[in-house]
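Visitor: I would like to go through this model with its criteria in hand. Could you set each value against the definition behind it?

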Amino acid sequence: MEETTLVYRQDGHAVAMLNLLPGALVYENTRIPIRYVYAVATLTEHRGKGIARMLLKQANEMLCSQGIATVLVPATK
């Protein structure tokens, strides 16, 4: 199974990451490739700096350039 992990590193250490799982939407017999964002994490001391937002933006731009849609289901408490 293909999986993509993006990692944000600072001073040689991973401080945030997100994982993308492959999937597909089928609409009128057409298979549309997607990537599902299923895990996003940032170390506590690095939260609130926009790092996860930047990773999500980078993932979306990377996938859009490949013709792949990004699916994100907002988390709940």
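Guide: The secondary structure of the protein chain comes to 1 helix and 4 strands, and from the N terminus on the elements run β-β-β-α-β; helices (H or I, at least four residues) and strands (E, at least two) are DSSP runs, numbered from the N terminus. This is a predicted model, in which local features need pLDDT of at least 70 and side-chain atom pairs count only at pLDDT 80 or more, while totals for chains, interfaces and linings use all residues. Residues are numbered from 1 along each chain as its sequence is written, and side-chain values use heavy atoms, with hydrogens and water left out.

Visitor: Why is Thr42 called buried?

Guide: Buried means under 20% relative accessible area, exposed over 50%, and partly exposed in between, with a 1.4 Å probe and protein chains only. Thr42 has a relative accessibility of 13%, and therefore counts as buried. The residue lies in strand S3 and, leaving aside its neighbours within four places in sequence, is in contact (heavy atoms within 4.5 Å) with Val15, Ala16, Arg47 and Ala52. Of the 77 residues of the protein chain, 21% count as buried.

Visitor: How do you know whether Asp11 and Asn29 are buried or exposed?

Guide: Asp11 has a relative accessible area of 74%, so it is exposed, and Asn29, at 81% relative accessibility, therefore counts as exposed as well. Asp11 is found in the loop between strand S1 (4–10) and S2, and Asn29 in the loop between S2 and S3. Neither is a glycine, yet Asp11 has a positive phi of about 55° and Asn29 a positive phi of about 65°.

Visitor: What makes Ala14 partly exposed?

Guide: Its relative accessibility is 45%, which lies between the two cut-offs, so Ala14 counts as partly exposed. Ala14 is found in strand S2, where, leaving aside neighbours within four places in sequence, it is in contact with Val7, Tyr8, Arg9 and Leu43. Ala14 and Leu56 are 42 residues apart in sequence and 16 Å apart in space, C-alpha to C-alpha.

Visitor: What makes a set of residues a nonpolar core, and which residues make up the largest one?

Guide: A nonpolar core is a set of buried Ala, Val, Leu, Ile, Met, Phe, Trp, Tyr and Cys residues joined through side-chain atoms within 4.5 Å. The largest has 11 residues in all: Leu6, Val15, Ala16, Leu18, Leu20, Val37, Ile51, Leu55, Ala59, Leu63 and Ile68. Strand S2 (13–27) and helix H1 (51–65) each supply at least two residues of this core. Val15, one of its members, touches Tyr8, Gln10, Ala41, Thr42, Leu43, His46 and Ile51, not counting residues up to four places away in sequence.

Visitor: How do you know how the lining of the largest pocket divides into nonpolar, polar and charged residues?

Guide: Ala, Val, Leu, Ile, Met, Phe, Trp, Tyr, Cys and Pro count as nonpolar, Asp, Glu, Lys and Arg as charged, and the others, Gly among them, as polar. The lining consists of Val37, Tyr38, Ala39, Val40, Ala52, Leu56, Leu72, Val73, Pro74 and Ala75, and therefore divides into 10 nonpolar, no polar and no charged residues. S3 gives the most to this lining, with 4 residues.

Visitor: What makes this a pocket?

Guide: On a 1 Å grid over the protein atoms alone, a pocket is an open set of points where a 1.4 Å probe fits, with protein on both sides within 12 Å along at least five of seven lines, and lining residues have an atom within 4 Å of a point.
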